[in-house]
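Subject: Structure handover

Hi,

Here is the structure I promised to pass on. Please open it first; my notes follow below.

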Amino acid sequence: MARIRGWVVALAAGALPALAFPAPSWWWLAWFGLVPLLLVVRAAPTPWQGAIRGWWGLSAFVLTTQYWLVTSIGPTLAALAMGLGALWLPWGWLAHRLLSAPVSVGRTAAAVVVLPGAWVAAEGVRSLPSLGGPWASLGASQWNQPVTLASAALGGVWLTSFVLAGANTAIAGMILHRDAAGRLVALGCVLACAGLGPAWYLLGPTPAGDTAVRVALVQTGDIADSGAREAAGEALTATLAGQRPDLVVWGESSVGQDVASHPEVLARLAELSRRVGADLLVNVDALAPDGGIYKSAALVGEHGILGSYHKTRLVPFGEYVPLRPLLGWITRHSKAAATDRQRGTGPVVLHAGSLDIGPLVSYEATFSDLARREVELGAELLVYQSSTSTFQGSWAQPQLASQPAVHAVEVGRPAVHAGLSGDSSAYDARGRRLAWCPSKFRGVVVVNVPLGSTSTPYQRLGDWVLVTAFVVLGGAGAVAVFRRRRFARVTDCVDE
């Protein structure tokens with residue numbers, strides 16, 4: 001009974017940090033919301049019981065942050081959450097070992113390094129495209145706080161996750177220590193973790209450049225019929241005539257016919273571009289001439305197609321079924337893709353007049369490496385298009401719309417996001433919010449987006465924090481094995 005009680009308490013404690021993410025967006029909760037789970041793990045009778053409590057807690061976290069998937073995959077969501085939560089078993093095991101009695105300054109200091117490393121390593125594995133991607137990375141909870149999010153410019157969202165996990169661990173250390181010296185050391189660790197982002201925000205380079213572009217984000221709403229959806233996009237865009245935008249962005253799946261093989265559709269869009277005086281970045285979800293179905297961003301000007309991008313990262317089960325011959329039966333019991341979408345060859349930069357844009361589509365908004373690649377190719381503005389109509393009114397929409405803020409800070413470039421039915425958003429190169437259109441909004445918003453940019457350490461160095469996290473985790477594991485073997489040898493000698 002005590003074991004089950006511990007699991008139940010771990011479930012409740014693990015779900016708590018989910019409130020730091022959209023829609024609640026209680027960002028401040030991320031700085032101490034893991035402490036209850038750490039204390040529950042620490043209170044387990046053995047390290048393995050602590051690992052299991054950590055597993056249950058993080059399963060609850062995944063389940064809460066992605067509850068909206070239940071409408072698509074039903075009870076399978078619980079299995080998904082348990083599978084992903086298992087990635088934190090090492091974190092739970094190490095938390096018990098390092099935070100259990102006897103509490104010492106050395107063990108607490110080690111915990112502040114090792115536990116964030118184990119946490120980030122789990123996030124890194126969980127972020128693989130085949131496992132669903134990096135939804136609700138702990139660092140992404142700071143999306144609406146540019147000052148605390150600034151650490152992402154140094155080491156990506158991984159570093160922000162690391163300092164958040166470190167601050168939570170240090171707070172747990174303050175609670176567990178009974179001596180003033182131990183509490184002062186733990187407090188120093190809290191301040192160091194909390195101060196990294198603000199220090200870089202204040203002392204780091206500011207984005208250079210004083211030009212701005214006017215970007216129009218078109219949000220038509222949840223319209224099931226593709227023809228009516230496209231007509232609504234055209235009608236809303238037509239209202240921009242005379243407002244002189246530099247670029248008009250539609251949401252994902254805003255056009256239901258392939259523009260290259262339907263000249264009447266292309267002619268209509270080209271004429272619309274001429275009337276508003278700006279190129280249109282639309283998104284096509286339709287059968288292509290080669291027989292495949294792509295999610296494609298198409299840039300249309302007054303003379304026709306200026307360039308296109310085919311979505312590279314597809315949603316497992318949502319846009320394709322992995323190992324379809326073996327797992328295809330899932331489509332009979334869920335909303336998994338009946339037909340696999342085709343993949344593009346990789347990121348591209350499109351040229352809207354003198355503006356170089358990096359287009360990415362929906363699920364791709366969660367991946368930091370794609371934004372880095374776009375900047376390497378010369379993108380001045382990151383442009384995301386999404387459609388989350390399946391999850392209309394859920395946390396999925398603000399969660400996705402918040403992601404471009406993280407990537408804007410990571411790569412030092414402004415970012416805009418057009419949601420077909422919500423939420424749409426725009427951010428400058430420091431992650432400051434310029435516009436936000438909730439899911440109930442229907443219409444067009446024109447945003448003045450500063451093109452100031454900076455070359456961030458993360459853009460130059462890449463995922464060094466993620467590599468460091470695996471090194472820390474591996475080192476901690478090696479030390480644990482060494483000590484276990486030494487203890488076994490000592491015990492054998494005593495027995496002899």
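The sheet comes first. In this predicted model, 6 strands form an open, mixed sheet, ordered E5-E4-E3-E2-E1-E12. Strand E5 (304–310) and strand E12 (443–450) are the edge strands. Each has a single partner strand, so one side of each has no neighbour in the sheet. From one strand to the next, the twist averages 30°.

Now look at the E5 edge. Strand E4 (residues 293–301) and E5 run antiparallel, joined by 6 bridges. One residue pair to find there: Gly301 has Gly304 of E5 as its bridge partner.

A helix also packs on this sheet: H11, residues 226–238. H11 touches strand E1 (212–219), strand E2 (247–249), strand E3 (279–287) and E12. The direction of H11 makes about 140° with that of E1.

Next, a helix pair. Helix H3 (residues 47–65) packs against helix H5 (residues 76–85) at an angle of about 130°. Their axes are 8 Å apart. That angle makes H3 oblique to H5. The crossing of H3 past H5 is right-handed.

Which residues make the contact between H3 and H5?

- From H3: Trp55, Trp56, Leu58, Ser59, Val62 and Leu63.
- From H5: Leu77, Ala78, Ala81, Met82, Leu84 and Gly85.

By type, the residues of this H3–H5 contact are 10 nonpolar and 2 polar, with no charged ones.

Best wishes

Technical notes: Residues are numbered from 1 along each chain as its sequence is written. This is a predicted model: local features need pLDDT of at least 70, side-chain atom pairs count only at pLDDT 80 or more; totals for chains, interfaces and linings use all residues. Side-chain values use heavy atoms; hydrogens and water are left out. Axes are lines fitted to C-alpha atoms, for helices over the stretch in contact, and angles run from 0 to 180 degrees between N-to-C directions. Helices (H or I, at least four residues) and strands (E, at least two) are DSSP runs, numbered from the N terminus. Angles under 35 degrees count as roughly parallel, over 145 as roughly antiparallel, 65 to 115 as roughly perpendicular and the rest as oblique. A crossing is left-handed if the near helix is turned anticlockwise from the far one by less than a right angle, and right-handed if clockwise. Contact means heavy atoms within 4.5 Å. Ala, Val, Leu, Ile, Met, Phe, Trp, Tyr, Cys and Pro count as nonpolar, Asp, Glu, Lys and Arg as charged, and the others, Gly among them, as polar. Two strands pair if DSSP finds at least two bridges between them.
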